[in-house]
Amino acid sequence: MADLCCGCRAALTSDEVAITRRLINRGTTRFYCRSCLAEAFGLTTEDVDRAISYYRRIGCTLFRN
Ligand SMILES: [Zn+2]
């Protein structure tokens with residue numbers, strides 16, 4: 001079963017789960033979609049996507065494949 005966003009209940013991608021861990025806390029059990037993360041951090045969804053690309057590029061182990 002897919003994780004759901006704690007804000008809007010949207011189904012989450014593995015990238016969204018990973019970026020939530022990265023931005024909030026590695027041990028968090030509450031995950032958020034791009035839109036809810038962007039709102040919480042005062043960012044745009046493009047910023048969140050850029051952050052995902054960045055962490056993937058530097059080889060962050062939270063981001064698989
Ligand atoms: Zn959401």
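A nonpolar core is a set of buried Ala, Val, Leu, Ile, Met, Phe, Trp, Tyr and Cys residues joined through side-chain atoms within 4.5 Å. Buried means under 20% relative accessible area, exposed means over 50%, and partly exposed lies in between, with a 1.4 Å probe and protein chains only.

This is a predicted model, in which local features need pLDDT of at least 70 and side-chain atom pairs count only at pLDDT 80 or more, while totals for chains, interfaces and linings use all residues. Residues are numbered from 1 along each chain as its sequence is written, and side-chain values use heavy atoms, leaving out hydrogens and water.

**Exercise 1.** Find which residues of the largest nonpolar core touch the most other members, and which helix gives the most to this core.

*Solution.* Start with the members: the core holds 17 residues, and Leu 12, Ile 19, Tyr 55 and Phe 63 touch the most others. Next, look at the elements, where helices are DSSP runs of H or I with at least four residues, numbered from the N terminus. Two or more residues come from each of helix 1 (14-23), helix 2 (34-41) and helix 3 (45-57). Helix 3 contributes the most, with 4 residues. As background, nonpolar side chains tend to be buried together in soluble globular proteins.

**Exercise 2.** Classify the 2 aromatic pairs by their geometry.

*Solution.* First, recall the rule: rings of Phe, Tyr and Trp (its six-membered ring) pair if their centres lie within 6.5 Å; planes under 30 degrees apart count as stacked, over 60 as edge-to-face and the rest as tilted. The structure holds 2 such pairs. Tyr 54 and Tyr 55 are edge-to-face because their ring centres are 5.2 Å apart and their planes stand at 65°. Tyr 55 and Phe 63 have centres 6.2 Å apart and planes at 10°, so this pair is stacked. Finally, put the pairs together: they link Tyr 54, Tyr 55 and Phe 63 into a cluster.

**Exercise 3.** Decide whether Tyr 54, Tyr 55 and Phe 63 are buried, partly exposed or exposed.

*Solution.* Tyr 54 has 42% relative accessibility, so Tyr 54 is partly exposed. Tyr 55, at 17%, counts as buried. Phe 63 is buried too, with 8%.

**Exercise 4.** List what Tyr 55 touches, not counting residues up to four places away in sequence.

*Solution.* Contact means heavy atoms within 4.5 Å. With that cut-off, Tyr 55 touches Ile 19, Arg 22, Cys 60 and Phe 63.
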